[in-house]
Amino acid sequence: MNEKKPSDSQTLACVFCRKNDDCPNKYGEKKINEQWNLTVHYYCLLMSSGIWQRGKEEEGVYGFLIEDIRKEVNRASKLKCCICKKNGASIGCVAPRCKRSYHFPCGLQKECIFQFTGNFASFCWNHRPVQIITPNNYRDSLPCTICLEFIEPIPTYSILRSPCCKNAWFHRDCLQIQAINAGVFFFRCTVCNNSDIFQKEMLRMGIHIPEKDASWELEENAYQELLQHYEHCDVRRCRCKEGRDYNVPNSKWEIKRCQSCGSSGTHLACSSLQSWEQNWECLDCRGITYNSGDFQKAKKHTLPNTNNVEINDCLLEESSPKSSRQSPGAQQKDLMRQGNRFRRDISTIIIELGFQIIKKTKRLYINKADIWNSALNGFRNQKFNPSYTIEVAYVNESDNFGTEHPGSKQEFLSLLMQHLENSPLFEGSLSKNLSLNSQALKENLYYEAGKMVAISLVHGGPSPGFFSKTLFNCLVFGPEDTFPTLDDVSDFDVAQILIRVNSATNVADLNSIVNDCYNYLELIGCLRIITSLSDKYLLAKDILAYHVIKRVQAPFESFKQGLKTLGVLEKIQTYPEAFYSIFCHKPENLSAKILRDLFTVQTCDAQSLGFWNSYLQAVEDGKSATTLEDILIFATGCNSIPPAGFKPTPSVECLHMDFPVGNKCNNCLALPITNTYKEFQDKMDFSIRNTLRLEKEESSHYVGH
């Protein structure tokens with residue numbers, strides 16, 4: 001849609017209601033298409049009875065094709081509004097035998113109800129849904145729980161009651177304003193915070209709940225105050241002579257915050273904590289937890305259910321042919337809510353985990369040629385605290401002078417995750433499960449691997465991206481509620497046994513397979529008497545459960561303990577759908593647009609900036625010897641964008657130099673200033689390609705020695 005200036009939009013009338021008003025809260029966005037000379041209110045279009053969304057979101061007007069809009073306008077031109085008596089009434093009451101038609105603004109004026117869900121039904125003033133309220137003994141007025149103005153507790157069009165709290169009453173206008181500001185992710189009962197039942201009832205009663213983030217979530221630096229750490233000892237008897245605000249990291253007088261609320265603290269010594277890694281809860285949170293019974297075994301989460309819940313019995317059971325427009329990313333966020341009160345974005349969750357990191361730094365000395373052992377030594381150091389800020393210094397053991405080079409933390413974590421993916425601790429091709437490595441188990445390496453994943457996430461590094469769905473479900477729901485498949489079996493011999501079992505066509509074949517594999521089945525405890533062909537399913541299930549889950553129970557428990565570092569496992573179990581996207585899937589492929597948006601321009605003349613943009617496009621189109629991943633590695637050390645983003649933000653600058661230079665510590669890419677694009681491209685290709693090649697050769701050389 002090509003929109004004109006707001007001042008111009010006031011003079012163009014909507015093709016449906018013929019009103020010039022530009023009032024998004026009442027009529028939705030006013031969209032103007034200059035090419036087709038078309039102006040329309042979004043709600044007028046959405047609620048029209050004879051039009052469906054047949055296009056993609058970017059086609060026409062949010063999926064409504066121009067030709068369909070023209071046809072609907074032509075259809076409505078023959079219908080007279082029963083309220084204003086003018087033609088163009090595109091909206092009809094869905095009640096059987098009711099023939100009333102009206103414009104959207106006229107319907108609002110006459111107190112019709114429009115349901116922004118399901119099939120987007122509309123009801124005239126005689127057939128609109130009502131709230132059935134049991135008789136009560138209210139004699140006095142009650143306050144609207146939003147504006148606090150007193151109202152008569154009688155359900156009308158303008159007065160609504162909460163379906164979950166009998167004493168909660170609202171003005172319709174107050175509810176609508178709150179819904180627009182909060183969006184579907186945060187719109188809930190103001191008394192009990194229920195969202196599912198509350199939203200279902202409000203949608204039925206015609207409250208529009210937009211699919212967007214809350215307005216306060218979109219404010220820049222809205223949560224800046226959360227970056228401040230609470231540093232005060234709140235226990236009844238503080239033993240510190242220096243006072244309750246005294247905080248000395250890495251000592252018994254370091255302040256530990258409550259793991260639940262984070263707004264109470266204690267000195268380690270004041271609560272007899274032996275180390276900073278021990279969990280601690282304040283008395284208030286401990287009382288709430290025990291009184292609520294949450295200390296008992298928690299119920300298992302269920303996988304997300306995307307089935308739509310109907311709002312009104314008279315609506316069709318089939319999926320709606322049109323849907324309300326969603327904000328960018330809203331459809332993905334919609335899968336992140338099952339089992340949780342609010343949907344959460346993965347980057348927000350990880351940024352919040354990062355609030356645990358304190359300013360005290362710990363330097364890690366990393367040898368790129370032996371990334372695993374040098375990381376292992378650093379993390380196992382007694383003075384290492386996962387909540388300290390990590391500094392990286394690259395060293396080379398073959399360098400007799402012991403020279404140190406400042407390194408990029410995100411590059412180090414990226415290399416570490418790459419090594420972990422290819423390590424013998426995991427088995428499988430693309431989606432990996434834990435392996436059974438007795439030596440690694442003896443050296444407690446599975447615990448260290450889980451700890452490394454947790455540290456990488458919280459400190460701004462990449463996510464694993466290679467977990468199988470089975471391994472992830474074991475972490476979230478527990479091994480007892482996880483059911484592996486044949487894809488989880490990487491052992492060829494075991495896979496062949498399972499294939500033979502599943503392919504058996506009669507009892508004789510099945511008994512023959514059992515006899516052939518008798519010793520193996522007896523060893524793993526899966527030997528069973530075959531009485532019918534259906535026993536093959538139980539046999540296959542037992543073999544899968546042993547090989548994928550029971551066999552690696554000890555490595556799994558150790559890995560799980562390591563993943564508890566910095567509270568990462570707890571967040572995974574709280575928001576499984578959010579973490580599934582980064583634990584079991586690789587990041588999206590880079591594009592020229594993504595890199596253009598990622599790198600901020602510091603100092604660059606127009607010509608060089610044009611060369612840079614052209615170069616990115618050429619690389620994406622395969623007209624260069626490098627790839628977009630090569631460019632990102634050259635500048636930041638990472639081949640993908642971490643879930644929490646880069647810190648500092650990647651930038652480009654143009655300098656009078658012979659070749660480009662990547663500063664991975666600052667995520668800065670210095671571009672050469674050239675006279676022609678051909679010269680610019682040659683220099684970029686030569687430097688990036690050869691720099692990455694030399695780094696690989698150095699690593700291989702050191703590993704060989």
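1. A starting point in this predicted model is C98, which at 13% relative accessibility counts as buried. C98 takes part in no disulfide, and the nearest cysteine sulfur, belonging to C93, is 3.8 Å away; since a disulfide requires the two sulfur atoms to be within 2.5 Å, the pair is not counted as one.

2. A similar reading applies to C233, which is in no disulfide and has the sulfur of C238 as its nearest cysteine sulfur, 3.8 Å away. With a relative accessibility of 0%, C233 counts as buried.

3. Which cysteines, then, do form a disulfide? The structure holds one such bond, and it is made by C604 and C654, whose sulfur atoms are 1.7 Å apart. Because C604 sits in the loop between β18 (600-601) and α24 (606-620) while C654 belongs to strand β19 (residues 651-655), the bond ties together parts that are 50 residues apart in sequence. As for exposure, C604 counts as partly exposed at 24% relative accessibility, whereas C654, at 8%, counts as buried.

4. Turning to charged side chains, a search of the whole structure finds 17 salt bridges. One of them joins R363 and E404, with the closest N and O atoms 3.5 Å apart. This pair links distant parts of the chain, R363 being in strand β13 (residues 358-366) and E404 in strand β15 (residues 404-407), 41 residues apart. R363 counts as partly exposed at 39% relative accessibility, and E404 likewise counts as partly exposed at 39%.

5. Are the partners in the salt bridge between R551 and E427 buried or exposed? R551 is buried, and E427 is buried as well. Their side chains meet at 2.9 Å, N to O, and the pair links distant parts of the chain, with R551 in the loop between α19 (535-549) and α20 (553-563) and E427 in strand β16 (residues 426-427), 124 residues apart.

6. A further salt bridge brings together the side chains of D516 and R500 at 3.0 Å, N to O. Since D516 lies in helix α17 (residues 507-516) and R500 in helix α16 (residues 492-503), the pair ties together parts that are 16 residues apart in sequence. D516 is exposed, with a relative accessible area of 52%, while R500 is partly exposed, with a relative accessible area of 35%.

7. Finally, salt bridges that share partners join K368, E411, K664 and E695 into one network, and a reader new to the structure may wish to locate these four residues in it.

Methods: Residues are numbered from 1 along each chain as its sequence is written. This is a predicted model: local features need pLDDT of at least 70, side-chain atom pairs count only at pLDDT 80 or more; totals for chains, interfaces and linings use all residues. Side-chain values use heavy atoms; hydrogens and water are left out. Helices (H or I, at least four residues) and strands (E, at least two) are DSSP runs, numbered from the N terminus. Buried means under 20% relative accessible area, exposed over 50%, partly exposed in between (1.4 Å probe, protein chains only).
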